[in-house]
Amino acid sequence: MSATQERLAPPRAAGGYGPEPLLEIIPSPRPRGLVKFITSTDHKQIGLNYMVTAFAAFLVAGIMAELMRTQLIVPDNHFLVADTYNQLVTMHGTIMLFVFGGPFAFGLANYIVPLQIGAPDMAFPRFNNLSYWLYLGGFVVMMFGFLTNNGAADFGWFGYAPLTEAIHSPGPGADMWVVGIALTGFSGIFTAVNVITTVFTLRAPGMVMFRMPIFTWNQLVTMFLVLLAFPVLTAAMALLWCDRHLTTHFYAPSGGGQPILWQNLFWFFGHPEVYILALPYFGVVTEVISTMSKKPVFGYKGMVAATLSIGGLSMGVWAHHMYTTGAVLLPFFAALSLLIAVPTGIKFFNWIGTMWQGVITLSTSMLFCLGFLGLFLLGGITGVMLAEPPLDFQLHDTYFVIAHFHYVMIGATAFGAFAAIYYWFPKFTGRMLDERIGRISFAIIFIGVNLTFFPQHDLGLRGMQRRIFTYSSFEGWNFLNLLSSIGAYLIGIGTLFTVINLIMSVRQGRIAGDNPWDGQTLEWATSSPPPEHNFELLPPIRSERPLWDANHPDQLTEVGH
Amino acid sequence: MRFEYKLMMGAGVFLATICIIYGFWSQEATGTVLLLFGCAAYVLVAVYLLMQWRRRQGVDRPEDRMDAEQSDGAGEVGFFPAASIWPAAIGIGGIFAGVALIYGTWYWVIAGVFIFGGVIGFTVEGEAREE
Amino acid sequence: MSLIASAPLPATHWGGPSGITTFAPEINRVWWVTYLFAIPIGLIVIGLITWAVIRWHRRGPDDNRRPRQFQYHIPLEAAYTIIPLVVVAVLFGFMYGVENNIIHVKKNPDVKITVQGFQWGWRFTYPNGHQEVGSVAAEPSIEDVQNLPILRMPEHETVQFTLQSDDVNHSFYVPEFLFKRDLIQRVHNVVDVNVTTTGNYIGECTQLCGTYHAFMRFRLLVMTKSAYNTWYRSTKPNSITCAGGGNC
């Protein structure tokens, strides 16, 4: 059951830019249905597996959020008891980050990166399949915690020791959290190895590194970060497991351990993690804005440099999550954290430059990108505020931080994922999503996000702490919490519109064709969905937008490469 | 391979720089060790890529040449099996290994069966392609 | 500028308190400088995006124009690299001195109080060994703030808190302080606070510490120096007062 791909040397087509055919010599039997789901090593199938599972996880964690916001809609509410609330808050965060945000991006990487670089598949197809099973297994294991007596993990998604020690968090729910995260972590590491090897070794002829699309660059840098960060997380989790089961004392103070060791290890992973969750979606946004504006990416080299800077700097700022512990070198982390705003700003201006003097199609994916720009701008500004210790001493662990990270996470991760769905769904399925339903979905979600999280800035300034299951009526937090919860329900409704859109369009959407958006990169140079080894024909690659060059030879990039 | 090597080495050098500044300024053990290991990880990969580059004696692969034609990539690209049950087998083993960490040692037996069987099947499948 | 910076500043604190400690003016100044940069930059970026979308959007499905395919403008790119670098450098400069002032601790403070947190309550120990203790056990409902442990401190004096945890991580926060510090075992945390006005405030734990994290609160009573000294002299050394009466 092997397949190799041979590239023959046919006669050159007349006229310069004609594509040259590739031939598949050894066809292989194609499994269908459930067998295909389990055994296929095709990067496109595995990518879809990841994305569908991740989106389902997004809905599950979203429902958890709706329950939490219902508990907080009025003071002294008794909709949920404290324990249940703490489990929901922990699992909501854990699932959104470890099961939705990262894996959805890994799924996109799986599907799109080989196509964008002209490769027939990922470098290690069977290993890729294994990655998916470890991920799915991790998700299922951590959810099983809800069925145990002591419930699922309830100590917050960053699980500070000593709260996570066996005496403070007895029961298998916490262990399921540890194991679930370890499994999804291994899945991520294996995916990173796969993607990096694919990008380094399987590019099509002429696809030099500086001609790769920005999406592929962003995924590459993301995978560098995964390689650095996830092993540290796994090590931290292993030490925690030992403390819980083997009477070691890595974090337990009673035996000489250091609780703050957990925080250092965790955040050394945790900060690159949030860039792992953002960078791929920056890549999505770059692709969509460029295609929808009919322009090349403005400042391509600057974008690559900015992405590399963000990746590098993100490895040095971890303790800005620990300013209030009294145990970190404040100026070092403050300086680097402020510095990371600079390459992010460069990216913003490059996105604007891409739109500038373009012809902008306001498709749903473009609307989600515009939404991303607005949300991430505000989230980035509040991030600069939090990077400054004198302000962070006031704001840390309050709702201000919750507002900040939801603005950046929903802006980048969620809106990026929605933009990716609306942009690449035609490529995945061969059918278009309904644009009208998409616009309605965007509008409701955008209003909902702002209604939910903008008031939370003020709640934080007023002193409302994080992770409290209820609050008293005289604190002055009532009205803002009410607004916030109403907004949360709106987000749910808006998401439902997209879910309906997806279900309808898979069977009944308008047929898309190869390139419905006049896209510029190679994934649009093949059928929708692509054939088994991706390309029948590949155009010559002379820039980072080979398909645009082939389709519009009269409109190549000015002052080109 | 040269640019890829420079990319990884750049990451390693950057981490080394931060490690030195942080180590001397903060005198804090955890962060310094983590940055050091991070640097070592990237340098390890960079050295491997450098060896690959040297082995090619500096001849560019088609994907590193600005003027390459698609026909330059002619020939076998790699081994891309269309479907395989073995990753799922190993995956189930991995999941049971995780469950063993939660519920007890005897789950290692089940995990072991799946992992060993899966790895053997995986390897045999890879050899089968030689035919 | 300094007159504005020490005013209540509803704009930077919205509904929140503007600070009752000696550090409040400095912190407010940091807020002001941050806003001074953040608001114009934010407005410019939003303005550019909005303008681009309005001016250059596609006029309809039959609009098949293709725009000029430019990709670089080195002077512009250099500008929006260097200007943000300068901005963050200025921000760093403004806040570096402030953070050092806030975390600085004196060798000889006026009053020393030990603050200990546990699941789920507080214990305050005064120099003569007198303790005020209270926990969730005395709070039948979240609305109940009558039975919280009371932290008393004098105004206009440097009060040094030594922060300790009995078990898991907690955090010591009074919103009006504009400041918090964590209680972590084996981390020696000492902070100095000098409050400039008397009053009654609520303090809270801001680090998730288990089931009743939301109930882990205390009352802060800032008294005049003479009132504090009167109260302090009235306490018996090594005695314990339990919030809600009875035994702790």
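Helix axes here are lines fitted to C-alpha atoms over the stretch in contact, and angles run from 0 to 180 degrees between N-to-C directions. Keep that in mind. We start with a helix pair in chain C. One caution before that: this is a predicted model.

So, chain C. Two of its helices are α3, residues 24–55, and α4, residues 74–103. How do the axes of α3(C) and α4(C) cross? They cross at roughly 170° and come within 10 Å. An angle over 145 degrees counts as roughly antiparallel. That makes α3(C) roughly antiparallel to α4(C).

Who makes the contact? From α3(C), we have E26(C), I27(C), V30(C), V33(C), T34(C) and F37(C). From α4(C), we have V87(C), L91(C), F94(C), M95(C), V98(C) and N101(C). By class, the residues of this contact of α3(C) with α4(C) are nine nonpolar, two polar and one charged.

Now step back to chain C as a whole. The domain assignment splits chain C in two: domain 1 is 2–103, and domain 2 is 111–242. Their C-alpha centres lie 37 Å apart. The two domains of chain C do meet. Nine residues of domain 1 of chain C and 10 residues of domain 2 of chain C take part in the contact. On the domain 1 side of chain C, five of those residues are nonpolar, four are polar and none is charged.

Next, the chains against each other. Which chains have the most contacts, among the two pairs that touch? Chains A and C. In that interface, 70 residues of chain C contact 82 residues of chain A. Three elements of chain C each supply at least two residues to the side facing chain A: α3, α4 and β7, which is 179–183. The largest share comes from α4(C), with 13 residues. So helix α4(C) appears twice in this talk: it packs on α3(C), and it serves the side of chain C that touches chain A. By class, that side of chain C has 37 nonpolar, 19 polar and 14 charged residues.

The other touching pair is A and B. Here 58 residues of chain A contact 50 residues of chain B. Several elements of chain A give two or more residues to this side: β1 (5–6), α1 (33–39), α4 (125–144), α5 (172–201), α6 and α7. Which element of chain A gives the most? It is α4(A), with eight residues. The side of chain A that touches chain B has 36 nonpolar, 13 polar and nine charged residues.

And B with C? Chain B and chain C do not touch. Their nearest C-alpha atoms are 13 Å apart.

Let me stay with chain A. Two helices on that B-facing list, α6 and α7, also pack on each other. Helix α6(A) covers residues 214–245, and helix α7(A) covers residues 259–276. Their axes are 8 Å apart, at an angle of about 155°. Therefore α6(A) and α7(A) are roughly antiparallel to each other. The crossing of α6(A) over α7(A) is left-handed.

The residue list is long, so here is a selection. On α6(A), the contact includes T222(A), L225(A), F230(A) and L233(A). On α7(A), it includes W262(A), F266(A), E273(A) and I276(A). The residues of this contact of α6(A) with α7(A) divide into 17 nonpolar, one polar and one charged.

Chain A has two assigned domains as well. Domain 1 of chain A is 46–277, and domain 2 of chain A is 514–552. The C-alpha centres of these two domains of chain A are 33 Å apart. Each domain of chain A puts 13 residues into the contact. On the domain 1 side of chain A, there are eight nonpolar, three polar and two charged residues.

Last, chain B. What does chain B look like in helices and strands? Four helices, zero strands. Along the sequence, the pattern of chain B reads α-α-α-α. Domain 1 of chain B is 2–61, and domain 2 of chain B is 86–128. Their C-alpha centres are separated by 34 Å.

How does chain B compare with a compact globule in radius of gyration? A compact globule of 131 residues would have a value near 14 Å, but chain B has 22 Å. Along the principal axes, the C-alpha atoms of chain B fill a box of roughly 55 × 50 × 20 Å.

Terms used. Residues numbered from 1 in each chain as written. Chains lettered and ligands numbered in written order. Predicted model: local features only at pLDDT ≥ 70, side-chain atom pairs only at ≥ 80, totals over all residues. Contact = placed C-beta atoms within 7 Å. Nonpolar A, V, L, I, M, F, W, Y, C, P; charged D, E, K, R; others polar. Domains from an automatic or database assignment. Parallel < 35°, antiparallel > 145°, perpendicular 65-115°, else oblique. Left-handed = near helix turned anticlockwise from the far one by under 90°. Rg over C-alpha atoms; globule rule 2.2 N^0.38 Å.
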